[in-house]
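Me: I am new to this structure and would like a close look at a single part of it. Please take one helix, go through it with care, and then show me where it sits in the rest of the chain.

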Amino acid sequence: MPIPRAIHDDADHALAVSEIERLWGAAEGSPEAGQLEALVMLVDAYEVEHHVIDPPAPVLADDACPSCGTLMQQKRATLDFVVNGENILVPDASHLACPSCNEIVLRYEDFKALQERAREAYRQKHAPAESNE
Ligand SMILES: [Zn+2]
């Protein structure tokens, strides 16, 4: 399947999202991780532009731990997310955790939610006390 270079309509969007789901969890530094990052940015831009609100289908069809194979559990905890090089702590963030080895996996919607909340926290932290625009 060709990797879309740009997203023009909902069909492109659906293709990009399915590619993200396929590539999700690619090893850092691999070509797949580079494609994944590019696709996430494309999808992100499209969703902002077109106000897409429907969340994509869950990515992880099988909730097995990638490290040890134990069935992972839905958890909420404070996770950190880097925004503009700054570590932002996001409390009560949904994720999957391995009860055996403590591996943490973010599904695509968990990642999107975490990213959204981290960006919002970053904005509030760096917002001027008073806006005189
Ligand atoms: Zn594990």
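Reply: Helix 2 covers residues 31-50, and because a helix is expected to span 1.5 Å a residue, its 20 residues should span 28 Å, which agrees with the 28 Å between its end C-alpha atoms; the expected span is 1.5 Å times one less than the number of residues. Helices and strands here are DSSP runs, numbered from the N terminus, with H or I over at least four residues for a helix and E over at least two for a strand. This is a predicted model, in which local features need pLDDT of at least 70 and side-chain atom pairs count only at pLDDT 80 or more, while totals for chains, interfaces and linings use all residues. Residues are numbered from 1 along each chain as its sequence is written.

The buried residues of helix 2 are Leu-39, Leu-42 and Val-43. They cover an arc of only 95 degrees around the axis, which puts them on the same side of helix 2, the arc being that of the directions from the helix axis to the C-beta atoms. On the other side of helix 2, the residues Met-41, Ala-45 and Val-48 are exposed. A residue counts as buried if 20 or more other C-beta atoms lie within 10 Å of its own, as exposed if 12 or fewer do, and as partly exposed in between, with C-beta atoms placed from the backbone. Helix 1 (10-23) is included in what covers the buried residues of helix 2, and just after helix 2, His-51 takes a positive phi of about 50 degrees.

As for the rest of the chain, the protein chain has three helices and three strands, and from the N terminus on its elements run α-α-β-β-β-α. Buried residues make up 16% of the 133 residues in the protein chain.

Strand 1 (residues 73-83) and strand 2 (residues 86-97) run antiparallel and are joined by ten bridges, where two strands pair if DSSP finds at least two bridges between them. These two strands form a hairpin with two residues between them, and Asn-84 in the turn has a positive phi of about 50 degrees. Gln-73 has Ala-97 in strand 2 as its bridge partner, and Ala-97 also stands opposite Ile-104 in strand 3. Strand 3 (residues 104-105) runs antiparallel to strand 2 and is joined to strand 2 by two bridges; the hairpin of strand 2 and strand 3 has six residues between the strands, and there Asn-102 takes a positive phi near 65 degrees.

Notes:
Contact = placed C-beta atoms within 7 Å.
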